[in-house]
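Please take the sequence and the structure together, and keep both at hand while reading. The paragraphs below are meant to be followed with the model open.

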Amino acid sequence: MSPRYSIVLPIYNEEANLPELYRRLSQVINYLDGDAEILFVDDGSRDRSLSLIRDLHHRDPRICYLSFARNFGHQIAVTAGLNFARGDAIVVMDSDLQDPPELIPKMAERWQCGFHVVYAQRNQRHRESWFKRLMAYGFYRVLRHLADVEIPTDTGDFCLMDRRVVDLLNAMPERNRYIRGLRAWVGFRQTAILFDRDPRFAGPVKYTFRKSLGLAINGLVSFSRVPLRLSTYLGLVAAAIALLMAILVVYWRLFSPNSPLTGYATIVIVVFFLGAVQLISIGILGEYIGRIYEEIKGRPLYTLAEVGGFQEVNRCTLS
Ligand code: UDP
Ligand code: MG
């Protein structure tokens, strides 16, 4: 019989967090109103995470796991977890204890009240660098203004979703998965729970600046066409400036004998300005075309090297 709850946890080099994570999680799920499975998704860790997970799996039958053949990234790890989770309600959370497991019963309560998505919204970010806080603050607000759907600000992937929502997410064919956006796109009854985000329990951050930037661009491009329009606007502004200058030049030539048209500085500036506008536009276009390319290649989203606790063990890849 399928469990009532699934907890999906992406793991990338989290050996220092796993024992404490398991301790706190198992305390919490003992008090839930139904049985729960803990689903670890090892995203190609290079430390002892996988062997720790294997040990836990042998000790505790509620634990199952997937292990990727290489590092595919956080969003893909969550996607795989959602593909395999069997619960009626599925919780997604980080494995560094920044998302407190103690919030799960509260989420479950809301779910029982009839909400399909209960997402955790951050009150405060403890001890994250001011740079990261500033970037996150700015990004979520820009995204809210530009996105086609309303994506709540200051929410990560920490949430509880009803089986119906997860089935819909699983049925979405897109490869660029910005899960907090897709989750908002689905609709249904959604609600927030506010929480203070704790600092990482142990180990270094796994989301490098590059990965965070990639995720941000992904979110923007997947949920908004405004950047494309922006390049049109940039082109229009550049055209207007050029026209104005042309008029000025003609005026100076015809009517002012000592025209200020000396040297080539203006020409150089204009050339650079136009070059910049064109490159930006091509770059934006490229982002979208690149995404189309990703989508049509149709490769599987991940490759599985090892699976524990599932019957259909020989499902080596999934698309
Ligand atoms: N993670 C992952 N694959 C990656 C990077 C991160 O599965 O390539 C996991 C990581 O183990 C953690 C979660 O994603 O459970 C969030 O990562 P992290 O805490 O480093 O990021 P942040 O707290 O900055 O969002
Ligand atoms: Mg973290």
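What follows is a walk through this predicted model, from its confidence scores to its strands, its ligand, two loops and an annotated span.

As to confidence, the protein chain averages a pLDDT of 86, and 94% of the residues score at least 70. For the model as a whole, the scores are ipTM 0.94 and pTM 0.78.

A good place to begin is strand β2, which spans residues 36–42 and has seven of its seven residues buried, so the strand is largely enclosed by the rest of the structure. Ala36, Ile38, Phe40 and Asp42 point one way from β2, while Glu37, Leu39 and Val41 point the other way, and the residues of both groups are buried. Strand β2 pairs in the parallel sense with β1 over seven bridges, and it pairs in the parallel sense with β3, residues 63–68, over five bridges. Ile38 takes part in both pairings, for it is the bridge partner of Ile7 and stands opposite Ile63 in β3. The chain crosses from β2 to β3 through helix α2 (residues 49–59), and this β-α-β crossover is right-handed. On the other side of the sequence, β1, helix α1 (residues 18–30) and β2 likewise make a right-handed β-α-β unit.

Strand β1 also leads to the ligand, since β1 (5–11) and α3 (74–84) each supply at least two residues of the shell around ligand 1. Of the 17 residues in this shell, Pro10, Tyr12, Asp43, Lys206 and Tyr207 come nearest to the ligand. Sorted by class, the shell holds six nonpolar, five polar and six charged residues.

Further along the chain, helix α7 (residues 179–186) has Ile179, Arg180, Gly181, Leu182 and Arg183 as its buried residues. Just after α7, Gly187 takes a positive phi of about 90°. Phe188, in the loop between α7 and β7 (190–197), has a phi near 65°, a positive value in a residue other than glycine. Is Phe188 buried or exposed? With 14 other C-beta atoms within 10 Å, Phe188 is partly exposed. Asp154, which lies in the loop between α5 (130–146) and β6 (155–162), also has a positive phi, near 55°, and is not a glycine; it is partly exposed, with 17 other C-beta atoms within 10 Å.

Finally, an unreviewed UniProt entry carries the annotation "transmembrane region" for residues 233–252 and 264–289. In the model, the span 233–252 is 100% helix and 0% strand, and its end C-alpha atoms lie 29 Å apart.

Definitions and conventions
Residues are numbered from 1 along each chain as its sequence is written. Chains are lettered from A and ligands numbered from 1 in the order in which they are written. This is a predicted model: local features need pLDDT of at least 70, side-chain atom pairs count only at pLDDT 80 or more; totals for chains, interfaces and linings use all residues. A residue is near a molecule or strand if its C-beta atom, placed from the backbone, lies within 6 Å of it. Helices (H or I, at least four residues) and strands (E, at least two) are DSSP runs, numbered from the N terminus. Ala, Val, Leu, Ile, Met, Phe, Trp, Tyr, Cys and Pro count as nonpolar, Asp, Glu, Lys and Arg as charged, and the others, Gly among them, as polar. A residue is buried if 20 or more other C-beta atoms lie within 10 Å of its own, exposed if 12 or fewer, and partly exposed in between; C-beta atoms are placed from the backbone. UniProt positions are given in the numbering used here, feature names are shortened, and annotations may be inferred rather than shown by experiment. pLDDT is the predictor's confidence in each residue, from 0 to 100. Two strands pair if DSSP finds at least two bridges between them. A crossover is right-handed if, with the strands pointing away from the viewer, the path from the first strand over the helix to the second runs clockwise.
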